[in-house]
Amino acid sequence: MNGSGGRLRPRYRREPLQQLWRDLRPLDPVRSIKAKLGILVIASVTFAGSFTAIGVSIGIRARYVVITATVLSMIVTQILAHGMTSPLRHMTAAARAMAAGDYSRRIRASSRDEVGELGRAFNQMAADLEAADRQRRELIANVSHELRTPISVLRAVLENVVDGVTGPDDAAVKAALTQTERLGRLVEELLDLSRLEAGAVPLDLSDFAVEPFLSRAVEEAAATGRPVRFVLSVRPAGLTARADQSRLHQVVANLVDNAAKHSPPGGIVRVGATARPGGGVRIEVADEGPGIPEVERSRVFERFTRGGDGGGQPTGGGTGLGLAIARWAVELHGGTIEVAPSTRGALIRVDLPTGPLPS
């Protein structure tokens, strides 16, 4: 109906005006909130004084001139002040949304003053909280998935034994023990990761010879019986390092085991250590497997990220926490760990500093 159409038109006409009013920030280029307040006062007083002088000079009664000048001055003040306080109102609305669990809200931080800096800091905080919330959800989902498989297998084995489908023979006991060990390993790695992230793991630093230290890690990996060959190289021969041996052993053992796991039968796993030119030690572990695509190299140290078979499919057999724990342990020493460029297979490089750790 025409009446209905007539009532709808003003609403559509007001929407662009409301958007224009929301986006109106004439003082954004000013770099100081104090300067903005000064401009606000000067503009209001100047406008009121100028209008009063003009009105009186053309013969308008003084009381009408004063009232009109006051109203217009308030309008000018409102226009200028609206742009100054708009980010604060948006931050209030975004904070309320974040309190309700919505971390996707961002504010327009176009001003160059202190309020603009606060807006940019608010947006960064919102982004960090959104990432933390996403990681929390992913952690819960991943832990639930990791726990479900061994629990299901263990339950099935025990149910078969209880129901008499299978006897409590060596095969059933071994299957149950394997799943129990997998559960224990997952819980232990989660606790390690939690302590490392919280910085609650004290380091027992000591000086030690690198070659025998790496030899022990290689011997443990070789004892698993994987059909690969290990090659150890340390230069210079008497190279020493200063680190927490138990934590660093956890890192190296994980890297060597991963390299052996992803190498083909008969492949070579190379473990090497050299002195860094600026001091410290560089440890490298290389395999002859399918390698890690360049786009995925930054993700391999994230929690629950598993190595692939070269075609993007995970190989399985692990919790996906080993490299995340390795990264935190290396960073706890003040060092770095990365996937280095390699012509064949994957090359993991660990750089450890020398001297005291950064505070």
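**Helix α7 and the salt bridges of the model**

With a relative accessibility of 13%, arginine 247 counts as buried because the value falls under 20%. In this predicted model, arginine 247 is part of helix α7, which comprises residues 245-262, and its side chain makes a polar contact of 2.8 Å with that of glutamine 250. The 18 residues of α7 should span 26 Å at 1.5 Å a residue, and the distance of 25 Å between its end C-alpha atoms agrees with this expectation. Buried positions in α7 include, besides Arg247, Leu248, Val251, Val252, Leu255 and Ala259.

By the rule applied, nine salt bridges are counted. One of them involves α7: aspartate 257 pairs with arginine 226, with 2.6 Å between the closest N and O atoms. This pair links distant parts of the chain, since aspartate 257 belongs to helix α7 whereas arginine 226, 31 residues apart from it, lies in the loop between α6 (210-222) and β2 (229-235). Aspartate 257 is partly exposed at 25% relative accessibility, and arginine 226 is likewise partly exposed at 29%.

Strands β5 and β7 are connected by further pairs. Arginine 282 and aspartate 351 meet in a salt bridge of 2.7 Å, N to O, which links strand β5 (residues 281-286) with strand β7 (residues 347-352) across 69 residues of sequence. Here arginine 282 is partly exposed at 28%, whereas aspartate 351 is buried at 8%. A salt bridge also joins arginine 349 to glutamate 284, with the closest N and O atoms 2.7 Å apart; arginine 349 lies in β7 and glutamate 284 in β5, so parts 65 residues apart in sequence are tied together. Salt bridges with shared partners unite Glu284, Glu338 and Arg349 in one network.

Key
Residues numbered from 1 in each chain as written. Predicted model: local features only at pLDDT ≥ 70, side-chain atom pairs only at ≥ 80, totals over all residues. Heavy atoms only, no water. Helix = DSSP H or I, 4+ residues; strand = E, 2+ residues; numbered from the N terminus. Buried < 20%, exposed > 50% of the residue type's maximum accessible area, 1.4 Å probe, protein only. Polar contact = N/O pair within 3.5 Å; in protein donor to acceptor, adjacent residues only side chain to side chain. Expected span 1.5 Å × (residues − 1). Salt bridge = Lys/Arg side-chain N within 4 Å of Asp/Glu carboxyl O.
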